[in-house]
Each structure stands twice: as structure tokens, then as C-alpha cells.
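Morning, everyone. Please have the sequence and the model open while I talk.

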Amino acid sequence: MAITRVEPVHVQVRTDWLTGRPREIRWGERVFSITNIAAVRRETAAYPVEVGPSTTFEVDTIGARLALTFRHRGRRWTVDGVDTSERRAA
């Protein structure tokens, strides 16, 4: 299972009020509920100057795993990668 990088797509994300973790993604007319957060990568110390700090969440939804990135400087959420392969039992 590998996430395929895609051109970043701006999305709207609902987050948990206290922790800031994503709960729901609105991508155009579609709404994806997040069922699991598989990984979190924080790039707040070392990052490209032109991009600024970011936090990337690998999140599971009903149909896919997404690489969801929050750009701190611009306060924007983007989907940077998608994996639609079948989920394997853990």
C-alpha cells in the first residue's frame, strides 16, 4: 500500500475543537468522514522557506487513505496524496 502523490487540492476540513485533529473533509460536493488517523508528520522545525511549516495527517476514510496537509502560514488544508487500494485486515 502506497500513497500516490497528486497535485495539491484545496479542501475544507472540520477539526476537533480542542485537539485540532481533522474529523471531516469536504472536497467539492463530497464529504468524507475520517475513521482513523494513521500517522502525523509535523514539519515545524525544518521546512522549505517558500512553503512554510506544515502538518501532514495520513487519514483513513470509508473509501481511501488520504495525505491531508495543513499549511500553517496560509492556514489552508490540501489533499496531497491518495491511496484507494483495498484495506487489509490488521
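I'll start with the surface. The accessible surface of the chain comes to about 6,300 Å², and carbon and sulfur atoms hold 50% of that. Keep in mind that this is a predicted model.

Next, overall dimensions. The C-alpha trace spans about 40 × 25 × 25 Å along its principal axes. How does the radius of gyration of the chain stand against that of a compact globule? For 90 residues, a compact globule would come out near 12 Å. The chain has 13 Å, which agrees. Of the 90 residues, 32% count as buried. Now contacts with a separation of 6 or more. Residues 24 or more positions apart account for 38% of those.

On to secondary structure. There are seven strands and zero helices. Along the sequence, that reads β-β-β-β-β-β-β.

I want to spend my time on the stretch from S4 to S7. Take S5, residues 54-60. S5 pairs with S4, residues 36-43, in the antiparallel sense, over seven bridges. In that pairing, Val-40 stands opposite Phe-57 of S5. S5 also pairs with S6, residues 65-71. That pairing is antiparallel too, and seven bridges join the two strands. Here Thr-56 stands opposite Thr-69 in S6.

How many residues does the hairpin from S5 to S6 pass through? Four.

Then S6 meets S7. Again the two run antiparallel, joined by seven bridges. Ala-67 has Gly-81 in S7 as its bridge partner. S6 and S7 also form a hairpin, with four residues between them. Look at Arg-75 in that turn: its phi is positive, about 55°.

Now, cover. Are the residues of S5 mostly buried or exposed? Mostly buried: six of the seven. S6 is also mostly covered, with six of its seven residues buried.

One loop residue deserves a stop. Thr-61 lies in the loop between S5 and S6. Its relative accessibility is 4%, so Thr-61 counts as buried. What does Thr-61 touch, leaving aside neighbours within four places in sequence? Phe-32, Ser-33, Thr-35 and Leu-66.

That brings us to the core. As background, nonpolar side chains in soluble globular proteins tend to be buried together. In this model, the largest nonpolar core has 13 residues. Which members touch the most others? Val-11, Val-13, Ile-25, Val-59, Leu-66, Leu-68 and Trp-77. Four elements give two or more residues to this core: S1 at 4-15, S5, S6, and S7 at 76-83. S6 gives the most, with three residues.

Let me pick out Leu-66, one of those well-connected members. Again, I leave aside neighbours within four places in sequence. Among its contacts are Ile-3, Ile-25 and Trp-27. Then come Phe-57, Glu-58, Val-59 and Thr-61. Val-79, Gly-81 and Val-82 complete the list. Note that Thr-61 is there, the buried loop residue we just met.

Last topic, the aromatics. The structure holds three aromatic pairs. One of them is Phe-57 with Trp-77. The centres are 5.9 Å apart, with 35° between the planes. Is that stacked, tilted or edge-to-face? Tilted. This pair links distant parts of the chain. Phe-57 is in S5, Trp-77 is in S7, and they sit 20 residues apart.

Why do both rings count as buried? The cut-off is under 20% relative accessible area. Phe-57 has 7% relative accessibility, so Phe-57 qualifies. Trp-77 has 12%, so Trp-77 qualifies as well. Ring pairs also bring in Phe-70, which makes a cluster of Phe-57, Phe-70 and Trp-77.

Two residues to take back to the viewer. Phe-57 stands opposite Val-40 across the S4 pairing, is in contact with Leu-66, and pairs its ring with Trp-77. Trp-77 is in S7, and is one of the core members that touch the most others.

That's my tour. Questions, please.

Key. Residues are numbered from 1 along each chain as its sequence is written. This is a predicted model: local features need pLDDT of at least 70, side-chain atom pairs count only at pLDDT 80 or more; totals for chains, interfaces and linings use all residues. Side-chain values use heavy atoms; hydrogens and water are left out. Buried means under 20% relative accessible area, exposed over 50%, partly exposed in between (1.4 Å probe, protein chains only). Two strands pair if DSSP finds at least two bridges between them. A nonpolar core is a set of buried Ala, Val, Leu, Ile, Met, Phe, Trp, Tyr and Cys residues joined through side-chain atoms within 4.5 Å. Contact means heavy atoms within 4.5 Å. The radius of gyration is taken over C-alpha atoms; the globule rule is 2.2 Å times the number of residues to the power 0.38. Accessible areas come from the Shrake-Rupley method with a 1.4 Å probe; for residues, only the protein chains shown count as cover. Rings of Phe, Tyr and Trp (its six-membered ring) pair if their centres lie within 6.5 Å; planes under 30 degrees apart count as stacked, over 60 as edge-to-face and the rest as tilted.
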